[in-house]
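User: I am new to this structure. Please take one part, the strand pairing, and look at it closely, then place it among its surroundings.

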Amino acid sequence: MQVYFVLATLLSLAVAAFAIQNSELVTIRFLFWQLPSVPQVMVILGAALGGMIIAFFFGFSRRYQLSRQLNELKEYARLLEQELVKYKPGCDGKEKNNQPS
């Protein structure tokens with residue numbers, strides 16, 4: 001927990017230094033749209049935040065797909081274990097210890 005706090009503090013200091021060094025005003029132009037007098041740090045941090053949000057949604061989508069696939073494979077394994085029990089009497093799907101009596 002202390003390591004997390006130290007890293008968060010260092011990251012906060014780095015962001016503060018970045019903001020101080022990039023405080024000049026810039027004009028944003030995109031196609032027919034124009035936004036004058038925006039601090040450069042806001043543009044850069046806004047673009048980074050937008051990238052993080054997009055990456056989060058792509059990661060969430062991939063995680064959801066993998067979760068569905070895992071559930072399907074677990075169900076398939078359960079069905080295969082049931083089928084195995086049909087073909088091997090005395091097998092309950094779990095490995096037994098074969099120790100001599």
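Analyst: A residue counts as buried when its relative accessible area is under 20%, and as exposed when that area is over 50%. Keep those cut-offs in mind. Note also that this is a predicted model.

Start with strand 1, residues 25–30. How many of its six residues are buried? The count is zero, so by the under 20% cut-off strand 1 is hardly covered.

Now look at its partner. Strand 2 takes in residues 33–39. Five bridges join strand 1 to strand 2. The two strands run antiparallel. Follow the pairing residue by residue. Ile28 has Leu35 of strand 2 as its bridge partner. Phe30 stands opposite Trp33, again in strand 2. Together the two strands form a hairpin, with two residues between them. Leu31 sits in that turn. The phi of Leu31 is positive, at about 50 degrees.

Next, step out to the helix numbered 1. Helix 1 covers residues 2–21. Leu7 has its place there. Is Leu7 buried or exposed? Leu7 is exposed, because its relative accessibility is 53% and the cut-off is over 50%. Leu7 also helps to make a nonpolar surface patch. The other members are Val3, Phe5, Val6, Leu10 and Leu13. The patch measures about 640 Å².

Then turn to helix 2, which spans residues 40–87. A UniProt annotation from an unreviewed entry, "transmembrane region", covers residues 43–60. In the model, that span is 100% helix and 0% strand. Its end C-alpha atoms lie 26 Å apart.

Aromatic rings come next. The structure holds two aromatic pairs. In one of them, Phe56 and Phe57 have ring centres 5.4 Å apart. Their planes stand at 70 degrees, so this pair is edge-to-face. Phe56 and Phe57 are both exposed. In the other pair, the ring centres of Phe56 and Phe60 are 6.3 Å apart. Their planes are at 25 degrees, so this pair is stacked. Phe56 and Phe60 both belong to helix 2. They are four residues apart, about one turn of the helix. Both of these residues are exposed as well. The ring pairs link Phe56, Phe57 and Phe60 into a cluster.

Last, a charged contact. The structure holds one salt bridge. Which residue does Glu75 bridge to? The partner is Arg78, with the closest N and O atoms 2.4 Å apart. Why are the two about one helical turn apart? Glu75 and Arg78 are three residues apart in helix 2, so about one helical turn separates them. Glu75 has 35% relative accessibility and counts as partly exposed. Arg78 is partly exposed too, with a relative accessible area of 38%.

Back to the part you asked for. The hairpin joins strand 1 and strand 2 through five bridges, and strand 1 has zero buried residues.

Methods
Residues numbered from 1 in each chain as written. Predicted model: local features only at pLDDT ≥ 70, side-chain atom pairs only at ≥ 80, totals over all residues. Heavy atoms only, no water. Phe/Tyr/Trp six-rings, centres within 6.5 Å; stacked < 30°, edge-to-face > 60°. Buried < 20%, exposed > 50% of the residue type's maximum accessible area, 1.4 Å probe, protein only. UniProt positions renumbered as here; feature names shortened; annotations may be inferred. Salt bridge = Lys/Arg side-chain N within 4 Å of Asp/Glu carboxyl O. Patch = residues over 30% accessible without salt bridge, like charges linked within 9 Å, V, L, I, M, F, W, Y side chains within 5 Å. Areas by Shrake-Rupley, 256 points an atom, 1.4 Å probe, with all protein chains shown as cover. Pairing = 2+ DSSP bridges.
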